[in-house]
Amino acid sequence: AVSAAGVTSFQAISNSNIIASANQLNATSLGNRATNSLVSGALGGGGGVTSLPPGVAAGTAGVSGGAAAEQEFAVVNSQTDTALGGRTALVQLSTVGVSNGPGSSGGVTNISGSTITADGNRIVAEARNNDTANSAALTGLTTLGSSIGVANYQSSTTAVNALVNDSGVQVQAVGAAGVGAVSNSNLTVSNNVVQGLAVGSSAQNSLTAGASTLSGNSGISASGVSSLPTPRVVADYALANNQIQSGAVTSAVSASNRVILAVPGVGSDVTGGALVLSGNTTAADAQATSAVNNLALAATGSATGLTGAVGSFQTSSGAVSATLAGEAGSAGVANITARSLTNTSATASGNLARASAGQNEAFNTQNVSGATVAGSALAASTDFSVVNTQQGAGNVSSTANPGLVGVAANGVDTTSVTVSGNAVRSSASVNTGGNALGISATGTVAATGGISNSQTATTGVVSATQGSGVTPTNIGLVQESVSVPIIIIGGSQV
């Protein structure tokens with residue numbers, strides 16, 4: 001498919017203001033997507049909620065082969081993707097921006113006294129197996145003494161592919177048969193995103209309980225998180241997440257954000273004005289499982305006789321790969337190219353080129369607060385716990401071949417060139433986890449708490465590569481001759 005959004009001119013541009021802004025070219029392939037929400041507004045708000053008789057609620061959120069919750073209030077999500085043939089999102093030969101191409105002038109392109117901008121545009125290929133946002137929130141109550149559960153289960157055997165081929169955001173002025181001229185004009189490509197995003201299963205899970213007086217269900221006899229024989233979270237307020245991915249996850253991007261005033265053999269001479277390439281992102285991102293799990297228990301008065309637990313379990317065994325390169329025929333993923341620069345300024349700053357591949361990532365948080373905080377003091381139990389378990393197997397690879405990030409010109413005369421704050425990153429990871437538990441009170445705290453993190457990386461090759469013998473990474477200025485320039489190159493990262 002060939003797609004374009006923006007402005008194309010076949011004649012000279014003079015004394016004009018042209019903007020291509022906030023355009024989107026997206027290709028999306030999804031297996032399952034859901035948003036599930038339980039809020040206290042359904043209960044009328046205010047007042048109080050108390051437990052049923054002791055023993056009625058077992059207080060278990062289970063996430064093995066499906067999801068289940070036995071709390072009095074529960075949000076349960078189960079998603080499975082086993083489709084044959086894979087899921088692919090493809091964007092190809094797509095351009096957003098402003099192009100001044102050759103017309104009746106015989107291939108000579110002229111821009112004068114004009115401002116041309118391509119800002120805040122997005123070209124995205126997104127492919128996912130499962131995606132969900134699950135939330136339960138009982139807040140604004142006088143008293144809350146009950147149990148709430150959020151349980152999420154996601155699994156997939158289906159491969160996902162996010163592909164962006166030879167696409168990008170640009171301001172272009174190149175004559176096809178000769179040399180053009182750009183004079184006293186400001187050309188800007190800024191804050192654009194070109195991305196291939198491939199994800200197996202992603203989840204945002206949250207549980208919030210808030211009241212003046214907060215307590216749990218007196219029928220619960222134990223609390224905590226266990227993985228054997230099956231993943232299980234037991235507490236008055238329990239959040240459980242389980243994600244399993246065996247299908248391959250692939251993102252491959254060949255794209256550029258650029259001010260293109262020269263191609264091999266032809267180009268435009270730039271005199272006066274300014275050329276700016278800033279804040280653009282070109283990225284290939286592949287992630288097998290991803291979860292953000294938040295549990296918040298807040299009382300303005302006492303929070304006593306309650307337990308809370310967050311448990312996240314992730315298993316990935318399929319290959320994950322991310323590959324980034326510049327658009328075919330381009331100098332690289334982010335650059336300004338011209339035949340010559342005279343008495344002008346050229347700035348390439350704050351641009352990001354990224355190839356990222358990961359199997360499991362989870363960020364788990366539990367916060368408990370009140371004037372006083374006291375757990376349930378159950379035998380052989382922890383009142384408040386955060387547990388993260390991740391297992392990864394299979395190959396994980398990322399490759400970034402960005403080419404030029406910066407400025408290229410055959411000649412530079414009495415010109416200021418700045419290349420700063422740019423970054424090229426290639427990363428590959430098996431397991432990434434972040435766990436936090438906070439217990440705070442203006443008065444006394446009488447509770448136990450703990451964090452447990454278990455990560456296993458077994459078979460497979462994990463590699464992150466940047467540049468190659470064919471396509472080296474180059475951040476800076478590429479030129480043949482320089483006469484009285486001001487050149488600043490600093491703060492960029494490779």
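This is a chat about the strands, salt bridges and contacts of one predicted protein model.

User: What am I looking at, and how are residues numbered?
Analyst: This is a predicted model, in which local features need pLDDT of at least 70 and side-chain atom pairs count only at pLDDT 80 or more, while totals for chains, interfaces and linings use all residues. Residues are numbered from 1 along each chain as its sequence is written, and side-chain values use heavy atoms, with hydrogens and water left out.

User: How many helices and strands does the protein have?
Analyst: There are zero helices and 42 strands. Both are DSSP runs numbered from the N terminus: helices are H or I with at least four residues, strands are E with at least two.

User: How much of the protein is buried?
Analyst: Of its 494 residues, 50% count as buried. Buried means under 20% relative accessible area, exposed means over 50%, and partly exposed lies in between, with a 1.4 Å probe and protein chains only.

User: And what area does the protein expose?
Analyst: About 17,800 Å², of which carbon and sulfur atoms supply 51%. Accessible areas come from the Shrake-Rupley method with a 1.4 Å probe, and for residues only the protein chains shown count as cover.

User: How far apart in sequence are the residues that contacts join?
Analyst: Take the contacts between residues at least 6 apart in sequence: 90% of them join residues at least 24 apart. A contact here means heavy atoms within 4.5 Å.

User: Ok, sheets. What is the strand order in the open sheet of six strands?
Analyst: The order is 8-14-21-27-33-39, with parallel pairing. Strand 8 (73–81) and strand 39 (449–457) are the edge strands, each pairing on one side only. The twist averages 0° from one strand to the next; axes are lines fitted to C-alpha atoms, for helices over the stretch in contact, and angles run from 0 to 180 degrees between N-to-C directions.

User: What counts as a pair of strands?
Analyst: Two strands pair if DSSP finds at least two bridges between them. In general, strands of a sheet pair through backbone hydrogen bonds, either parallel or antiparallel. Here, strand 14 (residues 148–156) and strand 21 (residues 237–245) run parallel and are joined by nine bridges. Valine 150 has leucine 239 in strand 21 as its bridge partner.

User: Which way do the side chains of strand 30 point?
Analyst: They alternate along residues 345–349. Ala346 and Ala348 point to one face and are buried, while Ser345, Thr347 and Ser349 point to the other and are not. In a regular strand, side chains alternate between the two faces of the sheet.

User: Which strands pair with strand 30?
Analyst: Strand 24 (residues 274–278) pairs with strand 30 in the parallel sense over five bridges, and alanine 274 stands opposite serine 345. Strand 36 (residues 416–420) also pairs with strand 30 in the parallel sense over five bridges; there, alanine 346 stands opposite valine 417.

User: Changing topic. How many salt bridges are there?
Analyst: The count comes to eight. A salt bridge is a side-chain nitrogen of Lys or Arg within 4 Å of a carboxyl oxygen of Asp or Glu.

User: Which residues are linked in a network of them?
Analyst: Arg33, Glu126, Arg128 and Asp131. Arginine 33 meets glutamate 126 at 3.2 Å, N to O. That pair links distant parts of the chain, strand 4 (residues 24–39) and strand 13 (residues 122–145), with the two residues 93 apart. Arginine 33 also meets aspartate 131 at 2.9 Å, N to O, a partner 98 residues away. Arginine 128 meets glutamate 126 at 2.5 Å, N to O.

User: Are those four buried or partly exposed?
Analyst: Arginine 33 is partly exposed, at 47% relative accessible area. Glutamate 126 is buried at 15%, aspartate 131 at 16% and arginine 128 at 13%.

User: What about threonine 289, buried or exposed?
Analyst: Threonine 289 is buried, with a relative accessible area of 0%, and is found in strand 25 (residues 281–299). Its side chain and that of glutamine 314 are joined by a polar contact of 3.3 Å. A polar contact is a pair of N or O atoms within 3.5 Å; within protein, one must be able to donate a hydrogen and the other to accept it, and residues adjacent in sequence count only if both atoms are side-chain atoms.
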